[in-house]
Amino acid sequence: MLNSILTLVVDTVAAILGGVLLLRFWMQVVRVRPPSALGQFIFQLTDWLVRPLRRLLPGVGGYDWASLIAAFLVILLAVGIQLALFIGFSVELLVLMSLIRFFEWVFYGFMGLLIIEAIFSWVNPHAPLAPFIRALNDPLLRPLRKVVPLIGGIDLSPLVALILLRIALMVVTSLIMSLA
């Protein structure tokens with residue numbers, strides 16, 4: 001039972017920190033500034049890890065690679081703790097499980113952003129966070145909106161994006177598993 005509690009705590013802390021690190025990276029890719037309170041939360045939560053990594057990994061191509069690598073390191077640590085508790089440590093298994101979890105977090109993060117935008121569009125399209133979420137989703141939805149027509153005035157491109165993200169996750173997971 002103690003191992004399960006420790007796993008829950010490690011997973012929760014890693015998911016929050018890793019998710020915020022991935023959000024920080026995506027905000028830089030999309031070139032969107034968060035609302036000030038959210039921005040302060042994101043940067044205060046992650047600066048302790050990102051700043052030292054930036055000395056080793058400067059931004060190349062205008063991207064904050066330190067945030068992305070930090071997210072992977074958080075996953076690596078969380079998976080390593082879980083392996084040590086339950087299965088036993090294996091470098092090959094650690095790398096494979098960390099890669100799978102990394103891509104799960106990336107794809108589920110995109111799915112979460114799409115769901116949040118859909119909720120905003122139904123409940124309050126003029127909410128203070130709505131333009132921020134819309135800007136984060138725009139690179140995913142813009143190409144789909146050119147292909148998926150409005151049906152009865154309803155934009156189905158978020159639904160198509162959710163299905164495509166789920167398919168992409170299945171493909172990536174199977175590719176990683178085939179490396180084993």
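**Exercise 1: two helices that meet**

Work out how helix α5 and helix α6 are placed relative to each other in this predicted model.

*Solution.* Start with what to look for: two packed helices are described by the angle between their axes and the distance between the axes. Next, find the pair: α5 covers residues 130-147, and α6 covers residues 157-178. Their axes come within 9 Å and cross at roughly 115°. Now put a word to that angle. Anything from 65 to 115 degrees counts as roughly perpendicular, so α5 and α6 are roughly perpendicular to each other. Last step, the handedness: where α5 passes α6, the crossing is right-handed.

**Exercise 2: a nonpolar patch**

Find the nonpolar patch on the surface and say which helix gives the largest share of it.

*Solution.* First, pick out the members: Leu56, Leu57, Val60, Tyr63, Trp65, Ile69 and Leu73. Together they have about 610 Å² of accessible area. Then check the helices. Helix α3, residues 65-86, brings the largest share, with 3 residues. Now zoom in on Leu73, which sits in helix α3. Its relative accessible area is 38%. Partly exposed lies between under 20% for buried and over 50% for exposed, so Leu73 is partly exposed.

**Exercise 3: an unusual phi**

Which sign does the phi of Arg31 have, and is Arg31 buried or exposed?

*Solution.* Begin with the location: Arg31 is in the loop between α1 (2-30) and α2 (36-56). Then look at the backbone: Arg31 isn't a glycine, yet its phi is positive, about 65°. Finally, check the accessibility. The cut-off for exposed is over 50%, and Arg31 has 56% relative accessibility, so Arg31 counts as exposed.

Technical notes
Residues are numbered from 1 along each chain as its sequence is written. This is a predicted model: local features need pLDDT of at least 70, side-chain atom pairs count only at pLDDT 80 or more; totals for chains, interfaces and linings use all residues. Side-chain values use heavy atoms; hydrogens and water are left out. Patches are made of residues with over 30% relative accessible area and no salt bridge: like charges are joined within 9 Å, nonpolar side chains (Val, Leu, Ile, Met, Phe, Trp, Tyr) within 5 Å. Accessible areas come from the Shrake-Rupley method with a 1.4 Å probe; for residues, only the protein chains shown count as cover. A salt bridge is a side-chain nitrogen of Lys or Arg within 4 Å of a carboxyl oxygen of Asp or Glu. Helices (H or I, at least four residues) and strands (E, at least two) are DSSP runs, numbered from the N terminus. Buried means under 20% relative accessible area, exposed over 50%, partly exposed in between (1.4 Å probe, protein chains only). Axes are lines fitted to C-alpha atoms, for helices over the stretch in contact, and angles run from 0 to 180 degrees between N-to-C directions. Angles under 35 degrees count as roughly parallel, over 145 as roughly antiparallel, 65 to 115 as roughly perpendicular and the rest as oblique. A crossing is left-handed if the near helix is turned anticlockwise from the far one by less than a right angle, and right-handed if clockwise.
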